[in-house]
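Student: Hi! I have a structure open here and would like to talk it through with you. Can we look at it together?
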Number of protein chains: 2
Amino acid sequence: MRIGELAKRTGVSIRSLRYYELQGLLSSDREENGYRVYSELAVEQVNTIQFYIRLGLSTEEIAGFLHCVLIKKEAFCEQVLPVYRNKLEQLDRQIAQLEMIRANLKERIAHLQAEATEATTQ
Amino acid sequence: MRIGELAKRTGVSIRSLRYYELQGLLSSDREENGYRVYSELAVEQVNTIQFYIRLGLSTEEIAGFLHCVLIKKEAFCEQVLPVYRNKLEQLDRQIAQLEMIRANLKERIAHLQAEATEATTQ
DNA sequence: GTTGACCCTGACATCAATGGTATAGTTTAC
DNA sequence: GTAAACTATACCATTGATGTCAGGGTCAAC
């Protein structure tokens, strides 16, 4: 199939498919006219890429293990777990930071509301 | 004082001070030679800007109420509370999304570890 | 009169994935 | 044989605050 069909069947834009290729996540053969040609497997492959992207991984991180995952089961790809653990730590730090900001913000709001009430009751 | 001294006294880079000016957060007089000149008040003003930035607000959001906050108490600036509430909602959404990703990731990790144990005990 | 420490503006780079646009060649359907 | 639909590459834009560099003034001390 050509890129337009792959885009339709995966729900991923043509633009993104070409980007994945540039990032080494997806390969294609070419017709004589230069058009990209994909096998049926490409559909599953793009779905797999999307799965990892939704898991919060960057294309670069995915590139580190995608090839292995496509030919073996994920559990047999030793590259996967470190990436997962790394991302989890990163996520924990991000969430902690956002929660700290959130707490500060709530405190400010409560403070402002208290002052407003005070002004009203005076 | 000139920009270098303001930078030292606030811990904010010269680059950022000029950026704040561009965003309308900070103003300066100029010497005849074009050098920026700041009053003592600028130190506190920059600290105030930093305070809001650490609270997760963008320079654009800060610009919406900074002028008022600098001359009145925050509680008397009606522009502040909506920005806070808005940011809080946004933060809640962000955190919820990250936590969903985190949960998925933990599940994947647990799954992989279970498979690894299985393989060992076989 | 020169060195070094300041200051100025303007512009590009960063990070990441995606959208959009321009220009041009190819295929398909009528 | 032509119009519509598809594909190709190449490039710019987005987001936001900051770093960094280029090229050039200014000023003080020696």
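Tutor: Sure! Keep in mind that this is a predicted model. Around DNA strand D, the surface is made of six nonpolar, seven polar and five charged residues.

Student: Okay, and which residues come nearest to DNA strand D?

Tutor: There are 18 residues around that strand, and A:Gly4, A:Arg18, A:Arg36, B:Ser13 and B:Tyr35 come nearest. Of the atoms of DNA strand D within 4 Å of the protein, 67% belong to sugar and phosphate.

Student: Which side chains have a polar atom by a phosphate oxygen of DNA strand D?

Tutor: Among them are A:Arg30 at 3.2 Å, B:Tyr19 at 3.0 Å and B:Thr59 at 2.9 Å. Two or more residues of the surface near this strand come from each of α1 (3-10) and α2 (14-22) of chain A, and from α2 (14-22) of chain B.

Student: Which element gives the most there?

Tutor: That's α2(B), with four residues.

Student: Switching to DNA strand C, how many residues are around it?

Tutor: There are 20, and A:Ser13, A:Tyr35, A:Thr59, B:Arg18 and B:Arg36 come nearest. Sugar and phosphate make up 69% of the DNA strand C atoms within 4 Å of the protein.

Student: What does the side chain of A:Tyr35 come up against?

Tutor: One of its polar atoms is 2.7 Å from a base nitrogen of DNA strand C. For B:Arg18, a polar side-chain atom sits 2.4 Å from a phosphate oxygen of that strand.

Student: And which element gives the most to the surface near DNA strand C?

Tutor: Here α2(A) does, with four residues. The surface near DNA strand C has six nonpolar, seven polar and seven charged residues.

Definitions and conventions: Residues numbered from 1 in each chain as written. Chains lettered and ligands numbered in written order. Predicted model: local features only at pLDDT ≥ 70, side-chain atom pairs only at ≥ 80, totals over all residues. Heavy atoms only, no water. Near = heavy atom within 4 Å. Polar contact = N/O pair within 3.5 Å; in protein donor to acceptor, adjacent residues only side chain to side chain. Nonpolar A, V, L, I, M, F, W, Y, C, P; charged D, E, K, R; others polar.
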